[in-house]
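Open the model in your viewer and keep the sequence panel beside it. The stops below say what to select and what is found there.

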Amino acid sequence: MQPAGARSAGHTRERRELTRPMALKLGAVDNMKEQLKKRRRPGERVIIGSLFFAGAISIAVTVGILWELGKESLLFFTDEVVSVGQFFTSTVWQPQAENFGIWPLILGTMLITVIALFVAVPIGLASAIYLSEYASPRVRGFFKPLLEVLVGIPTVVFGFFAITFVTPILRDIFGTSVVGFFNVLSAGIVVGLLIVPLISSLAEDAMSAVPSSLRQAAYGLGASKLEVSLRVVVPAALSGIAAGIVIGMSRAVGETMVVTLAAGASPRNFNLGSDSVFGYILSPFEAAQTMTGYIAITASGDISYDTIDYNSIFAIGLTLFVITLGLNSLSRRIVKRFRQEYD
Amino acid sequence: MSIEAPERPVQEHFPTPDEYAGLLSKRTRRAWVVQMFLLLMLTIAVLGLSILLFTIIDDSFGNVATVNQVEPEEGVVLAGLDPATTSFGDLGKDELVTALQAGINRNVGRRLEREQRFYEDRLVFEPQASWDELCASDDPAPGCTSSARDAGNVSLLVQEQVIEPDIIAVSGMVESLLNPAAFEEEVARDFAVNPEKYPDYTFDQVRFQWRAWFSWSFITSPASATPEIAGIRTAVLGSIWLVAVTVLFAVPVGVGAAVYLEEFAKPTRLNDLIQTNINNLAGVPSIIYGMLGLAVLVRALEPITSGSLFGTGAPNGRTVLAAGLTLGLLTLPVVIISSQEALRAVPGSLRQAGMGLGATKWQTVRSQVLPVAIPGILTGTILAVARAIGETAPLILVGAASFITQSPSGPFSQFTALPIQIFQWTSLPQPEWQHLAAAASLTLLLLLLILNGAAVILRNKYSRRIT
């Protein structure tokens, strides 16, 4: 490795300047000070300035997101067709009939997220416990890369998988009259599969951060491996595990392609009084549209600017942004608040 | 965590050796059961992955039942050759043009010639006089200026216009290999039971043949509305253009930001804000970036992204440039965070040594820190780019056109991309399109595999620890 700037002319000159004061008389202290003063380097200032600018672009991105979502949402709510109250209370989403109540879309998102968590939390946590506490290095070396492969697969491919494999299987099991071609269950299961590696890797990180002295203490008291894992390591890593689950949830809420392809494009409009809660509202076998699904479907057509449809996707986007931001900061707060400091 | 000691149970009865053995075996059994449960869950996750990959490969190949309007042998006859000695694949461009002339009517031929001409020096369907008139008019046809069609293109035209293959049923790879007869029986039964589904054909016309949906010609053919000849060249080229723009934007900016935050930033409020902000951005759903791209890059900056400011380009801002920058913004936080990790892994002693020799901070960073950190930065960047290639939702928002047969030619052209193509095909109901989507997915996965492999090799090659 070359020492920094060894060959540059500037460097040699600097060295000469530094040696010269040795020969100076005592009276020339002021002069010496002057020479030892930091040399101005305008080139470097420019470089550091542009590095700072690169960092500041991320701020511009956030500002841009907030500004555009806010501006278009404001246009949406100031339109006489829809009011903020109606948007957040109505349970009918029919853009054609100018009914904009966000609850059917939130319902769709919630259903899929809950199903996804039912799939992903047991599988993800169990995998994490096994990999962190039980697996030999060889077994770990086999399973860990496979889970990482799962992370790398694009979500649209998961969507293809949902349509061509999971949905037909579900329709075979429960009957084609019960399960619709587009249904929430298929989308939920596949989104669950999608977030398994996320939850398992975050949980595993949390568990391997638990100091081994805790494990050894428990073993010393006669605990079995099972007791050590479930009663010592998991509770000690609980904050990290919970944070991982919340992150997984945020990911499921923001997931677009699987739900667009597998869950259908019909918002599940409901009426709290007359529709049966478990028969229709929460039914996993029927189609539902999610917030992300609505945005994707609406934007995939030729959408013209400054229409109510165009503005509505921004109002939904803002809601989605707030929800995911809330979940992400919740997870960070969990880690901060409940983290155990072991030393 | 406060540990509360549970009340100590008063042990009145100690287990006898027999009872003790029972208790112990119960405990071991429970441990075994739970361990098996954990392993089972892990296996389920891996099984899910395997089934997913299997589904894609299974759908990418398989037997198909095809009905041709004109059999390829007749196509050879149309070209004026003997089908006994020549097969369709051997036909050259001139013979193919002859077959096309014989097989389609004049008006269709003129339309094709106006799209793109067959020969540079002569016309096939259009009379010279009307062609000259057309090209001299205010609105000349694209064929007036573009180069001539090549043999592969003409061959595709003959297949599309003359042979007109129609795939009426498809099966998966495993079924085709293990039990090909079942598929033929199934089609025959369908002909017998639902004759109204096939008004134009009889069962005798059906040909069963092996078809690799994923093949070289699939990768090199342009998109088409006919599933039998549709390919992904346009989409692959679109994805390559997108990645180029993404990398050109995200890598310099991302690495620059990481260098600033790791090496120069003093812990001021502003710098803390930047760091927190980057962590937050990494968690924003990709579709939100798509909305940012739509509102700012496609709409507000339309003069720039459509290229009209530079005098060229597309009718609107839905171009490679806008989409590539959107993906760049999306990738940026990931690039920054992974580059920061790579920089953090550089031991401080290197920096101190550099500074101790009298180098300035920037000189130290440039000549000492960055060279050591570059393998790590590259690995992180490749992984981030691999993620960007698979992103679909933001591209839908910025309006990747659904059906384009023209390959993108620069940053200002309209485009489609591989994941968009998969999305479009998957949402179509006919099974042929599903198989095309599978083949396109396979292409995408192989592309990602190559990129990830490159990242692993890079990591292993340069992972000498500097201590």
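**Stop 1: chain A**

Select chain A, whose secondary structure comes to 15 helices and 2 strands. The model is a predicted one. Of the 343 residues in chain A, buried residues make up 44%. Now turn to the contacts within chain A that have a separation of 6 or more: 78% of them are accounted for by residues 24 or more positions apart.

**Stop 2: where chain A touches chain B**

Show both chains and select the residues in contact between them: 74 residues of chain A meet 74 residues of chain B. Which helix gives the most to the side of chain A that touches chain B? Select residues 42–78 of chain A: this is helix H3, and it gives the most, with 19 residues. Colour that side of chain A by residue class, and the residues divide into 46 nonpolar, 22 polar and 6 charged.

**Stop 3: the domains of chain B**

Hide chain A and colour chain B by domain. Domain 1 covers 64–213 and domain 2 covers 233–462. Place a marker at the C-alpha centre of each of these two domains of chain B; the markers lie 40 Å apart.

**Stop 4: strand S1 of chain B**

Select residues 61–68 of chain B, which form strand S1. Why is S1 of chain B described as largely enclosed by the rest of the structure? A residue counts as buried if 20 or more other C-beta atoms lie within 10 Å of its own. In S1 of chain B, 6 of the 8 residues are buried, so the strand is largely enclosed.

**Stop 5: the partners of S1**

Add residues 207–212 of chain B, strand S3, which runs antiparallel to S1(B) and is joined to it by 6 bridges. Two pairs are worth labelling here. B:Thr66 stands opposite B:Arg207 in S3(B), and B:Gly62 stands opposite B:Arg211 in S3(B).

Next add residues 165–170 of chain B, strand S2. This strand is also antiparallel to S1(B), with 5 bridges between them. Label B:Val67 and, opposite this residue in S2(B), B:Asp166.

**Stop 6: the sheet as a whole**

Keep the 3 strands selected: they form an open sheet of chain B in the order S2-S1-S3, with antiparallel pairing. S2 and S3 of chain B stand at the edges with a single partner strand each, so one side of each has no neighbour in the sheet. Look along the sheet to see the turn between neighbouring strands, which is 45 degrees on average, direction ignored.

Key: Residues numbered from 1 in each chain as written. Chains lettered and ligands numbered in written order. Predicted model: local features only at pLDDT ≥ 70, side-chain atom pairs only at ≥ 80, totals over all residues. Domains from an automatic or database assignment. Buried ≥ 20, exposed ≤ 12 C-beta atoms within 10 Å, placed from the backbone. Helix = DSSP H or I, 4+ residues; strand = E, 2+ residues; numbered from the N terminus. Pairing = 2+ DSSP bridges. Axes fitted to C-alpha atoms, helices over the stretch in contact; angles between N-to-C directions. Contact = placed C-beta atoms within 7 Å. Nonpolar A, V, L, I, M, F, W, Y, C, P; charged D, E, K, R; others polar.
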